[in-house]
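Me: I have a model open and want the key numbers behind it. Can we go through them briefly?
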Amino acid sequence: MKKTIRKKVILRSIVGIPIGITIGYLISIAGSLIWGEGYYSPCVPELITAMGSEIGAVVLQTALCALLGLSFSATSVIWELEHWNLVKQTGIYFLINSIVMMPVAWFTRWMEHSVVGFLRYFGMFAAIFVLIWAVECIIGRRNIARMNERLRQTRGEEK
C-alpha cells in the first residue's frame with residue numbers, strides 16, 4: 001500500500017471512530033422513539049441481559065459502533081483507487097464491511113441469533129448497501145453530465 005493511501009486510511013479511521021459512535025447513539029434514540037414507549041433504551045434488552053448490566057452493554061455497543069465507523073471510514077479509500085474498476089471497488093468494500101458488520105450485529109444482539117435471523121439481517125444490510133450505492137451512482141452520473149455540459153459551454157460547443 002502506498003504511503004499516501006496508508007495515511008488516508010489511518011486518518012479516516014481516526015475520524016470514523018466518533019462518527020460510528022454518533023451514528024450508533026442516534027440509532028438508539030430513533031429506536032427508543034419508535035419502540036421505547038416514552039423511555040430511552042440505549043441498547044436492546046437482550047444485550048443488557050447478556051452483559052449483566054446496562055453499562056456493560058452500552059460500553060460494548062459503543063466500542064463496536066466505533067469499530068463500524070472505523071471500518072466504513074477506512075475502506076472509503078477504496079473508492080479512490082483509480083486502477084480498480086467499479087465492480088472490484090464495490091465488491092471489496094462490501095466484503096470488508098460485511099465481515100465487520102455481521103459480527104458486530106451478532107454481538108450487539110441487533111439480529112436474532114439464528115440462521116434465519118442472520119440471513120434476514122444480512123439481507124437488510126445488503127439491500128441498504130445496494131440502495132445507497134445506486135443513489136451514489138445516480139448522483140455521480142448526474143455530476144459528470146453537468147461537468148461535461150459546462151465543458152461544452154466553455155468551449156462554445158453545441159449539444
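Me: Which side chain has a polar atom 3.0 Å from the backbone oxygen of leucine 81?
Reply: This is a predicted model, where local features need pLDDT of at least 70, side-chain atom pairs count only at pLDDT 80 or more, and totals for chains, interfaces and linings use all residues. Residues are numbered from 1 along each chain as its sequence is written, and side-chain values use heavy atoms, without hydrogens and water. The backbone oxygen of tryptophan 79 lies 3.5 Å from a polar atom of one side chain, that of glutamine 89. For the backbone oxygen of leucine 81, the 3.0 Å partner is also a side-chain polar atom of glutamine 89.

Me: Is glutamine 89 buried or exposed?
Reply: Buried means under 20% relative accessible area, exposed over 50%, partly exposed in between (1.4 Å probe, protein chains only). The relative accessibility of glutamine 89 is 7%, so the residue counts as buried.

Me: Which residues is glutamine 89 in contact with, leaving aside neighbours within four places in sequence?
Reply: Contact means heavy atoms within 4.5 Å. With those neighbours left aside, glutamine 89 has as contacts Ile78, Trp79, Glu80, Leu81 and Trp84.

Me: How many helices does the protein chain have?
Reply: Helices (H or I, at least four residues) and strands (E, at least two) are DSSP runs, numbered from the N terminus. Strands number zero, and helices number five.

Me: What is the radius of gyration of the protein chain?
Reply: The radius is taken over C-alpha atoms, and the globule rule is 2.2 Å times the number of residues to the power 0.38. For 159 residues that rule gives 15 Å; the protein chain is well over this, so it is more spread out than a compact globule, at 20 Å.

Technical notes: A polar contact is a pair of N or O atoms within 3.5 Å; within protein, one must be able to donate a hydrogen and the other to accept it, and residues adjacent in sequence count only if both atoms are side-chain atoms.
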